[in-house]
Amino acid sequence: MGENVKRARAAVSRSTVTDYFNNLEVSLNGVPHTKIINYDETNFCDDPGQEKVIVKRGTRHPERIVDYSKTSISVMVAAAADSTVLPPYTVYKAKHLYDTWTEGGTNGAGYNRNQSGWFDLALFEAWFNQILLPYIKKFGGTKSVNRRQSV
């Protein structure tokens with residue numbers, strides 16, 4: 001099934017995409033794969049949504065009994081181009097972060113909470129400082145090998 005795409009995004013030409021990847025290749029030339037990081041956030045929710053049910057004709061408000069809390073949990077995952085996977089960073093939808101929620105997790109994993117269960121600027125900064133910076137700092141040296149030279 002097709003996905004909905006805005007007109008502005010659909011109007012991107014083949015040459016624009018080609019130019020992007022050509023420029024990306026130039027920008028990443030000489031950068032070690034260990035220093036090229038891709039990250040993404042995903043959200044998990046235990047809301048089962050609605051389902052069709054069979055009920056007696058005339059039933060005004062059919063209900064079904066389910067055990068769920070509409071909990072929202074976001075996880076930031078990141079990996080380097082050399083296939084190194086960084087520890088995950090989990091954000092719970094909660095007022096308090098309980099120790100039991102962090103037991104048995106991956107070594108170096110980060111945990112946090114907020115009212116929405118989604119990443120916001122403060123939580124992104126926490127992930128950046130707790131997960132990404134320690135990974136990058138272990139390499140030392142310059143962070144970029146591309147320098148513009150005057151002609």
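Guide: Start with a rule. Two rings of Phe, Tyr or Trp pair if their centres lie within 6.5 Å, with the six-membered ring used for Trp. By this rule, the count here comes to nine aromatic pairs. The model is a predicted one.

Visitor: Why is the pair of Y20 and F21 called edge-to-face?

Guide: Look at the distance and then the angle. The ring centres of Y20 and F21 are 5.0 Å apart. The limit is 6.5 Å, so the two rings pair. Their planes stand at 80°. Planes over 60 degrees apart count as edge-to-face, so that is the name for this pair.

Visitor: Is F21 buried, exposed or partly exposed, and how do you know?

Guide: F21 has 48% relative accessibility. Buried needs under 20% and exposed needs over 50%. The value lies in between, so F21 counts as partly exposed.

Visitor: What kind of aromatic pair do Y39 and F124 form, and what makes it that kind?

Guide: The centres of Y39 and F124 are 5.7 Å apart, with 50° between the planes. Stacked needs under 30 degrees, and edge-to-face needs over 60. The angle of this pair fits neither, so the pair is tilted.

Visitor: Which parts of the chain does this pair link?

Guide: Distant ones. Y39 sits in strand 1 and F124 in helix 3, 85 residues apart. Y39 has 40% relative accessibility and counts as partly exposed. F124 is partly exposed too, at 26%. Both residues also belong to one aromatic cluster, with W127 and F128.

Visitor: How do you know whether L123 is buried or exposed?

Guide: Its relative accessibility is 7%. The cut-off for buried is under 20%, so L123 counts as buried. L123 is found in helix 3. Leaving out residues up to four places away in sequence, L123 touches Y89, V91, N112, R113, N114 and W118. L123 and T90 are 33 residues apart in sequence, yet 9.8 Å apart in space, C-alpha to C-alpha.

Visitor: And K52: buried or exposed, and how do you know?

Guide: K52 has a relative accessible area of 85%. Exposed means over 50%, so K52 is exposed. K52 has its place in the loop between strand 1 and strand 2. From K52 to P62 the chain runs 10 residues, and their C-alpha atoms are 9.7 Å apart.

Visitor: What makes a set of residues the largest nonpolar core, and which residues are in it?

Guide: Members must be buried residues of the nonpolar kinds listed for a core, joined through side-chain atoms within 4.5 Å. The largest such core has 12 residues in all, including M76, A78, A80, L86, L123 and Y135. Strand 2, strand 3 and helix 3 each supply at least two of them. Helix 3 gives the largest share, five residues. In soluble globular proteins, nonpolar side chains tend to be buried together.

Visitor: What is A80 in contact with, leaving aside its neighbours within four places in sequence?

Guide: A80 is in contact with H33, T34, I36, I37, L86 and Y135. Of these, L86 and Y135 are listed in the core, as is A80 itself.

Visitor: Why is the pairing in the sheet called mixed?

Guide: Check the strand pairs. The sheet is open, with four strands in the order 1-2-3-4. Strand 2 and strand 3 pair in the antiparallel sense, over four bridges. Strand 3 and strand 4 pair in the parallel sense, over five bridges. Both senses occur, and the pairing is mixed. Two bridges between strands are enough to call them paired, so five bridges qualify strand 3 and strand 4.

Visitor: Which residues stand opposite each other?

Guide: Take two examples. V75 has T90 in strand 3 as its bridge partner. Y89 stands opposite G110 in strand 4.

Visitor: What makes strand 1 and strand 4 edge strands?

Guide: Each pairs on one side only. Strand 1 covers 37-45, and strand 4 covers 110-114. Ignoring direction, neighbouring strands of the sheet are turned by 20° against each other on average.

Visitor: How do you know that strand 4 is mostly covered?

Guide: Four of its five residues are buried. Across the chain, buried residues make up 17% of the 151 residues.

Visitor: What is the overall pattern of helices and strands?

Guide: Three helices and four strands. Along the sequence they read α-α-β-β-β-β-α.

How values were computed:
Residues are numbered from 1 along each chain as its sequence is written. This is a predicted model: local features need pLDDT of at least 70, side-chain atom pairs count only at pLDDT 80 or more; totals for chains, interfaces and linings use all residues. Side-chain values use heavy atoms; hydrogens and water are left out. Buried means under 20% relative accessible area, exposed over 50%, partly exposed in between (1.4 Å probe, protein chains only). Contact means heavy atoms within 4.5 Å. Axes are lines fitted to C-alpha atoms, for helices over the stretch in contact, and angles run from 0 to 180 degrees between N-to-C directions.
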